[in-house]
Amino acid sequence: MSSPEAISGQELVRFQRVGLRYGRGPEVLSDVNLELPRGSFTFLTGPSGAGKSTLLKLCYLHLAPSRGLINLFGQDVALLSPAEQQALKRRIGVVLQDFRLIDHLSVFENVALPLRVAGQPRASYADDVVELLQWVGLGHRMQALPPTLSGGEQQRAAIARAVIAKPDLLIADEPTGNVDPVIGRRLIRLFTEMNRMGTTVLIATHDVTTIRELDARVLRIENSHVFKGLDPDKPGNTL
Amino acid sequence: MSSANLQTIQPLLPERIENSRSLLVVLMLMAFLAGLALLFSRGANRMSDHWRAQLSNTATVQILHSSPDTQQAQMQSTLQTLQSLLPEADIQPLSMDESRSLLKPWIGNTDLPEDIPVPGLITVTKSSGAINAARISAALEAEGLLVNVDDHSQYARNIQSTTRSLVGLGMGLLSILLAAGLAVSIFATRAGLSAQRDIISVLVQVGASNLFISKLFIGQAGRRAMIGAAIGIGLAALFWLGLSVLKVIGDVGWQSPQMVILDLIWLIGLWIIFALICALAAGMTARRLLARERRRA
Ligand SMILES: Nc1ncnc2c1ncn2[C@@H]1O[C@H](COP(=O)(O)OP(=O)(O)OP(=O)(O)O)[C@@H](O)[C@H]1O
Ligand SMILES: [Mg+2]
């Protein structure tokens with residue numbers, strides 16, 4: 001694969017007039033233009049059902065747009081072969097709303113999965129996985145199977161899996177939805193740490209308080225279009 | 001949570017999925033039958049070789065004499081000619097009683113009247129090498145002796161063609177069973193891909209290539225086939241041993257440790273081929289289906 005950095009400028013993700021419909025339904029997203037600069041930290045917000053998860057799916061190559069252009073790491077994703085797409089996915093960490101942990105694998109194995117898929121030898125990452133699990137407060141649950149974890153614990157395992165391979169792009173869908181505020185703040189700190197070390201972060205959330213606490217970029221989906229900043233019509237939203 | 005535990009790598013596809021036990025039983029049965037087919041083919045082949053070897057180094061010389069008075073003299077000169085022709089062979093004239101008893105199957109178990117003409121018979125046995133019937137009759141005819149030399153080549157040909165059909169039958173069965181193993185593996189992989197859809201979607205999400213995922217299916221199917229076939233083929237070997245000891249299958253069965261060892265080596269080969277076929281069928285099916293799915297997405 002050619003070096004993606006060589007092709008493009010500063011944006012890691014760029015949408016140009018992107019539209020998406022599920023099957024023959026209406027367009028969930030229309031005419032979306034957006035850019036995520038390299039190293040940026042962006043929140044994506046909007047009412048339930050607005051299309052946040054859908055937009056994220058386009059970013060992590062789970063869906064292909066119905067129309068328009070998506071550029072990832074400087075490459076037009078429509079032109080990528082399946083193998084190239086998979087190689088790109090290995091540079092993206094994803095935390096899904098429903099966690100998607102593998103039930104028969106221990107928490108340790110779940111978190112180590114991206115490294116294993118990338119073909120790294122176990123000895124090279126075992127300590128990192130343990131350290132990360134301790135950091136997200138799952139040090140005592142490493143050998144547990146996901147179905148025996150609480151929702152918040154599963155969420156933390158999913159986040160650990162998303163960040164373990166130090167991805168260039170981190171995408172999280174409601175990552176603090178199932179945890180108490182203390183853990184939530186800790187997880188957000190994990191994301192800001194990753195961001196400081198160069199990872200571009202895109203987080204979908206309803207949680208306006210968290211958005212306010214961090215002085216980050218905000219994108220908002222409304223009526224299938226994407227706007228910058230929080231809704232100015234709503235009181236207290238000054239961004 | 002000890003680091004020792006972390007060293008053991010869990011397989012990415014679960015060992016036990018829905019129907020995996022019945023699948024194992026099916027594979028086991030097929031391997032059992034395939035093992036028996038192989039043992040049967042090899043046994044039949046061995047028996048035929050053995051019989052034909054025995055036949056080819058013996059011949060029966062039948063003296064066509066005109067009257068009982070000259071029979072003795074003819075017998076003597078035939079023996080002399082044979083001895084000079086084949087000095088290293090074992091040449092045995094059959095006594096009248098022995099010749100007579102050979103006729104019994106054809107004329108019933110009654111006492112033969114003394115005056116019924118019984119042909120004089122001489123058996124010629126060479127310790128090694130085949131006997132040339134044409135050469136013997138030519139030499140005897142040159143001496144003016146009227147004989148009929150039977151080197152059993154007709155029998156040998158019959159045995160050979162019968163054995164060929166039997167071995168062909170066994171090999172045909174074996175091929176059908178291996179093809180069935182292939183089909184079962186393809187079927188199981190299709191079912192496995194949809195049963196393990198969630199796991200695969202996670203693997204795809206973290207960037208696993210189709211090849212990587214196919215290899216998981218190769219491993220899963222290969223392990224399953226190796227276990228099923230080991231049990232099935234092992235049972236076939238035990239079954240064959242039982243049949244051989246009880247002499248149910250006569251000369252087709254095992255008669256020496258050497259045969260057992262050789263056949264076991266063949267069975268191990270069958271085991272490896274069986275597992276390979278299942279594993280490769282799974283890998284190819286997985287690859288094809290994953291590629292198709294990716295195109296649809
Ligand atoms: N697989 C699908 N097939 C058909 N329609 C879908 C599918 N997934 C989502 N939708 C529809 O697309 C719209 C956007 O859904 P999406 O999940 O992106 O919303 P969201 O902003 O993430 O909502 P939430 O905040 O509740 O998670 C919704 O109307 C939803 O019903
Ligand atoms: Mg959502």
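Strands 9 (residues 217-222) and 10 (residues 225-228) of chain A pair in the antiparallel sense over 4 bridges in this predicted model. Within this pairing, A:Leu219 has A:Lys228 of strand 10 of chain A as its bridge partner. The hairpin formed by strand 9 and strand 10 of chain A has 2 residues between the strands, and A:Asn223 adopts a positive phi near 50° there. Strand 9 of chain A is also joined to strand 3 (residues 41-45) of chain A, here in the parallel sense and again through 4 bridges. In that parallel pairing, A:Thr45 lies opposite A:Arg220 of strand 9 of chain A. Strand 9 of chain A thus takes part in a parallel pairing with strand 3 of chain A and in an antiparallel pairing with strand 10 of chain A.

Chain A further contains an open sheet of 4 strands, arranged in the order 2-1-4-5 with antiparallel pairing. Its edges are formed by strand 2 (27-37) and strand 5 (75-76) of chain A, each of which pairs on one side only. Strand 1 (residues 11-21) and strand 4 (residues 67-72) of chain A run antiparallel and are connected by 5 bridges. One of the pairs places A:Gln16 against A:Leu69 in strand 4 of chain A. Helix 2 (residues 52-59) of chain A lies across strand 1, strand 2 and strand 4 of chain A, and its direction makes an angle of about 125° with strand 1 of chain A.

In chain B, the packing of helices was examined for two pairs that share helix 8. Two packed helices are described by the angle between their axes and the distance between the axes. Helix 6 (residues 153-195) and helix 8 (residues 210-245) of chain B pack at about 130°, and their axes are 11 Å apart. Because of this angle, helix 6 of chain B is oblique to helix 8 of chain B. The crossing of helix 6 of chain B past helix 8 of chain B is right-handed. On the side of helix 6 of chain B, the contact involves B:Ser185, B:Ala188, B:Thr189, B:Gly192 and B:Leu193, which meet B:Phe217, B:Ala221 and B:Arg224 of helix 8 of chain B. By class, 4 nonpolar, 3 polar and 1 charged residues make up this contact.

Helix 7 (residues 197-205) of chain B also packs on helix 8 of chain B, with axes that come within 10 Å and cross at roughly 145°. This crossing is likewise right-handed. B:Ile200, B:Leu203 and B:Val204 of helix 7 of chain B meet B:Ile213, B:Leu216 and B:Phe217 of helix 8 of chain B. The contact of helix 7 with helix 8 of chain B comprises 6 nonpolar residues, with no polar and no charged ones. B:Phe217 of helix 8 of chain B appears both in the contact with helix 6 of chain B and in the contact with helix 7 of chain B.

Confidence was assessed for each chain and for the model. Chain A has a mean pLDDT of 89, with 92% of its residues at 70 or more. Two stretches of chain A remain under 50: residues 1-8, for which the model has 14 contacts beyond four places in sequence, and residues 235-239, with 10 such contacts. For chain B, the average pLDDT is 85, and 90% of the residues score at least 70. Among the elements of chain B, the lowest mean pLDDT (57) belongs to helix 1 (residues 3-7) and the highest (94) to helix 8. The model scores are ipTM 0.87 and pTM 0.77.

Methods: Residues are numbered from 1 along each chain as its sequence is written. Chains are lettered from A and ligands numbered from 1 in the order in which they are written. This is a predicted model: local features need pLDDT of at least 70, side-chain atom pairs count only at pLDDT 80 or more; totals for chains, interfaces and linings use all residues. Side-chain values use heavy atoms; hydrogens and water are left out. pLDDT is the predictor's confidence in each residue, from 0 to 100. Contact means heavy atoms within 4.5 Å. Axes are lines fitted to C-alpha atoms, for helices over the stretch in contact, and angles run from 0 to 180 degrees between N-to-C directions. Angles under 35 degrees count as roughly parallel, over 145 as roughly antiparallel, 65 to 115 as roughly perpendicular and the rest as oblique. A crossing is left-handed if the near helix is turned anticlockwise from the far one by less than a right angle, and right-handed if clockwise. Ala, Val, Leu, Ile, Met, Phe, Trp, Tyr, Cys and Pro count as nonpolar, Asp, Glu, Lys and Arg as charged, and the others, Gly among them, as polar. Two strands pair if DSSP finds at least two bridges between them.
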